[in-house]
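Biologist: I should like to go through this model with you, beginning with its strands and ending with its side chains. Please explain the reasoning behind each reply.

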Amino acid sequence: GDTVASAAAPQVAGKAFELSCTIDTAQPSAIVLAHGGSSLGYALHLKDGRAVFAVRTSQDTVTEVRSAALGKGPVKLVAALAADGTLSLKAGDADAVKVKGAGVIPRQPQEAFSVGHDSGQPVTTYAKAPAFAGKLTGLAVVVK
């Protein structure tokens, strides 16, 4: 449930980045992390038993990539936004799923970096998703 002000959060404006963590939860839908809001940002969340990595590059442009169904027990998630705008998401031992997006996030998201919830306007369509209830370990965001 931590929240970090955007100025102290990973500085992703105009850059590629990768985030990773290990989750263990029985929830089919939940917000794992979010940074930004309805103008721009990114989020990692669970929807219908799958991991979803969403990147909003403008108020009207959101690109999402979804994993295969997650199994029981802990699973490592690795999500990335490449310099060319490609989103990728790897869940556990499955191959990474890739989708071509609109580009990198043009400005630093103004809303906070939130772990386990979204403290502001939703980055994508998970507005009714509950906060994360489970174990989240090894969270890292690497800006390239």
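Biologist: In which sense do strand β2 and β11 pair?

Modeller: This is a predicted model, and in it strand β2 covers residues 17–24. One bridge joins T22 to its partner T137 in β11. Over 7 bridges, the sense of pairing between β2 and β11 is antiparallel.

Biologist: Which are the edge strands of the open sheet?

Modeller: The sheet has 5 strands with antiparallel pairing, in the order β9-β8-β7-β2-β11. An edge strand pairs on one side only. The edge strands are therefore β9 and β11 (135–143).

Biologist: What is the average twist from one strand to the next?

Modeller: The value concerns the open sheet with the order β9-β8-β7-β2-β11. From one strand to the next, the twist averages 10 degrees.

Biologist: Which residue of the hairpin of β8 and β9 takes a positive phi?

Modeller: Strand β8 (residues 86–91) pairs with β9 in the antiparallel sense, over 4 bridges. One bridge sets L89 opposite V97 of β9. Between the two strands of the hairpin there are 5 residues, and the one with a positive phi, near 65 degrees, is G92.

Biologist: Which residues touch the most other members of the largest nonpolar core?

Modeller: This core has 28 residues. Strands β2, β3 (30–36), β4 (41–47), β5 (50–58), β7 (75–81), β8 and β10 each supply at least two of them. The residues that touch the most other members are F17, L19, I23, Y42, L44, F53 and I105.

Biologist: How many residues are in the other core, which lies apart from it?

Modeller: Among the members of this other core are A34, A43, V123 and Y126. Its number of residues is 5.

Biologist: What kind of aromatic pair do F17 and Y42 form?

Modeller: The pair links F17 in strand β2 with Y42 in strand β4, 25 residues apart. The ring centres are 4.6 Å apart, with 45 degrees between the planes. Because an angle of 30 to 60 degrees is neither stacked nor edge-to-face, the pair counts as tilted.

Biologist: What kind of aromatic pair do F17 and F53 form?

Modeller: Here F17 in strand β2 is linked with F53 in strand β5, 36 residues apart. The distance is 6.3 Å centre to centre, and the planes stand at 85 degrees. Because planes over 60 degrees apart fall in that class, the pair is edge-to-face.

Biologist: Are F17, Y42 and F53, which ring pairs link into a cluster, buried or exposed?

Modeller: The cut-off for buried is under 20% relative accessible area. F17 has 1%, Y42 has 0% and F53 has 0%. F17, Y42 and F53 are therefore buried.

Biologist: Is Q108 buried or exposed?

Modeller: Q108 is found in the loop between β9 (97–100) and β10 (113–115). Beyond four places away in sequence, Q108 touches S6, A9, P10, Q11, V12, A13, H35 and L40. Because its relative accessible area is 14%, and the cut-off is under 20%, Q108 counts as buried.

Biologist: Which backbone atoms of S6 and V12 does the side chain of Q108 meet?

Modeller: The side chain of Q108 reaches S6 at a distance of 3.2 Å, and the atom there is the backbone oxygen. A polar atom of the Q108 side chain lies 2.9 Å from V12, where the atom is the backbone nitrogen.

Methods:
Residues are numbered from 1 along each chain as its sequence is written. This is a predicted model: local features need pLDDT of at least 70, side-chain atom pairs count only at pLDDT 80 or more; totals for chains, interfaces and linings use all residues. Side-chain values use heavy atoms; hydrogens and water are left out. Buried means under 20% relative accessible area, exposed over 50%, partly exposed in between (1.4 Å probe, protein chains only). A polar contact is a pair of N or O atoms within 3.5 Å; within protein, one must be able to donate a hydrogen and the other to accept it, and residues adjacent in sequence count only if both atoms are side-chain atoms. Contact means heavy atoms within 4.5 Å. Axes are lines fitted to C-alpha atoms, for helices over the stretch in contact, and angles run from 0 to 180 degrees between N-to-C directions. A nonpolar core is a set of buried Ala, Val, Leu, Ile, Met, Phe, Trp, Tyr and Cys residues joined through side-chain atoms within 4.5 Å. Rings of Phe, Tyr and Trp (its six-membered ring) pair if their centres lie within 6.5 Å; planes under 30 degrees apart count as stacked, over 60 as edge-to-face and the rest as tilted.
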